Amino acid sequence: MLTILEVLKRTTDFLDKHGVESARLNAEHLLGHALGLPRMQLYLQFERPLTEAELEKIRPWVKRRGAREPLQYILGEAEFCGLKLKVDRRALIPRPETEMLVEIIKEHRPMSPTAILDLGTGSGAIALALAAIYPTAAVTALDRSEEALALAAENAARTGCAARVRLVCSDWCSRLAPADKFELIAANPPYLSPAEFSATAPEVKNNEPVSALVSGIDGQEDLTAILHQAHRHLAAGGLLGCETGEAQHAALRRIAAEIGYKRTESRQDLAGRDRFLLAFV
């Protein structure tokens, strides 16, 4: 019978041969999830032999990861701003970079807004994180994908925020009434060009929804639409916070000035690249 340590070594070697980054960490997550054990518990049980039933549970997950399916889709969940969210192919996997957008918004808005809008909510990650930070705010989350909204609804229920987060099927702000106003609007829209998308890892280009990643020929089509539409729905003194592509800020800040935003600000990600655009009315 194979022990936990032996399975970990074999799984790590298999994933490494198939080009999976951090193969050992991935192996630990897969094995821990299959056995219902935290990763550190694996180290305390290295010599434990695994039953055939346990191995049968692990094998298909390892095969899927070797085929470069994202680990989060296999495990069925991802952590975002302290929330454990369900994830699957209906929406993008929430990423650490987007957690930075939430932190930057919190920094600029320490007091709770009355009304918050999340554009292109996907799994609901940003909307639910903001709902947790601002427990008195009413949150509206829009997405053009009914499948993504169904996933967001499941996550709203599992985080206890269903009563405060309104989910609406809408192509950006098209379903909002002219009188709808928000003190805070957040968005992580598609911002890759087709060329940039083609250069992404297999985990991304072969698994995550293309419509949530690619925007027009230069990656800016949706961000430009959001700048125009959000301006009409921001209350006086309101803030729009967006995640963007790193080479888009000069053009986006020029567009924002032409639309009538009072000022804009670029913020960098952990790699020092312009990644977040703040626009103020």
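Cys 81, in this predicted model, counts as partly exposed at 29% relative accessibility. Cys 81 is found in the loop that runs between strand S1 (77-80) and strand S2 (83-86), and its phi is near 50 degrees, a positive value in a residue other than glycine. Trp 172 likewise is not a glycine and has a positive phi of about 50 degrees; its place is in the loop between strand S5 (165-169) and S6. Trp 172 is buried, with a relative accessible area of 6%, which is under the 20% cut-off. A further positive phi, near 75 degrees, belongs to Arg 68, the residue that follows H4.

The accessibilities of several residues discussed in this report are listed here.

| Residue | Relative accessibility | Class |
|---|---|---|
| Tyr 43 | 35% | partly exposed |
| Phe 46 | 18% | buried |
| Cys 81 | 29% | partly exposed |
| Ile 133 | 27% | partly exposed |
| Trp 172 | 6% | buried |
| Asn 207 | 10% | buried |
| Glu 243 | 4% | buried |

**Helix H4 and the loop after H10**

Helix H4 covers residues 52-66, and its 15 residues reach 21 Å from the first C-alpha to the last, close to the 21 Å expected at 1.5 Å a residue. The buried residues of H4 are Glu 54, Leu 55, Ile 58, Trp 61, Val 62, Arg 65 and Gly 66, a list that includes the charged residues Glu 54 and Arg 65. These buried residues pack against helix H1 (4-17), helix H2 (23-35), helix H5 (71-75) and helix H10 (202-205).

Asn 207 lies in the loop between H10 and H11 and is buried, with a relative accessible area of 10%. Not counting residues up to four places away in sequence, Asn 207 touches Arg 68, Glu 69, Pro 70, Tyr 73, Arg 89 and Pro 202, and among these contacts is Arg 68, the residue with positive phi that follows H4. A polar atom of the Asn 207 side chain also lies 3.3 Å from the backbone oxygen of Glu 203.

**The nonpolar cores**

In soluble globular proteins, nonpolar side chains tend to be buried together. The largest nonpolar core here has 31 residues, of which Leu 117, Leu 119, Ile 185, Ile 226, Leu 227, Leu 240 and Tyr 261 touch the most other members. At least two residues of this core are supplied by each of strand S3 (115-119), strand S6 (182-187), helix H11 (221-233), strand S7 (234-243), helix H12 (249-259) and strand S9 (274-280), and the largest share, 4 residues, comes from H11.

Ile 185 can serve as an example: leaving aside residues up to four places away in sequence, Ile 185 touches Leu 117, Leu 119, Ala 230, His 233, Leu 234, Leu 239, Leu 240 and Gly 241. Apart from the largest core lies another one, of 28 residues, among them Ala 129, Ala 137, Ala 141 and Leu 239.

Ile 133 is found in helix H7 (residues 125-133) and, at 27% relative accessibility, counts as partly exposed; because a nonpolar core is a set of buried residues, Ile 133 is not a core member. Leaving aside neighbours within four places in sequence, Ile 133 is in contact with Val 102 and Lys 106, and its C-alpha lies 9.9 Å from that of Met 111, 22 residues apart in sequence.

**Glu 243 and its surroundings**

Glu 243 is found in strand S7 and, at 4% relative accessibility, counts as buried. The side chain of Glu 243 is joined to that of Thr 98 by a polar contact of 2.7 Å, and it makes another with the side chain of Tyr 191, at 2.9 Å. Not counting residues up to four places away in sequence, Glu 243 touches Glu 97, Thr 98, Leu 101, Ala 187, Asn 188, Pro 189, Tyr 191, Leu 223, Arg 275 and Phe 276. The C-alpha atoms of Glu 243 and Arg 267, 24 residues apart along the chain, are separated by 9.6 Å.

**Aromatic rings**

A search of the whole structure finds 1 aromatic pair. The rings of Tyr 43 and Phe 46 have their centres 5.0 Å apart and their planes at 45 degrees, so the pair is tilted. Tyr 43 is partly exposed, whereas Phe 46 is buried. Elsewhere, the charged end of Arg 263 sits over the ring of Phe 280, 3.9 Å from the ring centre.

Key:
Residues numbered from 1 in each chain as written. Predicted model: local features only at pLDDT ≥ 70, side-chain atom pairs only at ≥ 80, totals over all residues. Heavy atoms only, no water. Core = buried A, V, L, I, M, F, W, Y, C linked by side-chain atoms within 4.5 Å. Buried < 20%, exposed > 50% of the residue type's maximum accessible area, 1.4 Å probe, protein only. Contact = heavy atoms within 4.5 Å. Expected span 1.5 Å × (residues − 1). Phe/Tyr/Trp six-rings, centres within 6.5 Å; stacked < 30°, edge-to-face > 60°. Lys NZ or Arg CZ within 6 Å of the ring centre and 35° of its normal. Polar contact = N/O pair within 3.5 Å; in protein donor to acceptor, adjacent residues only side chain to side chain.
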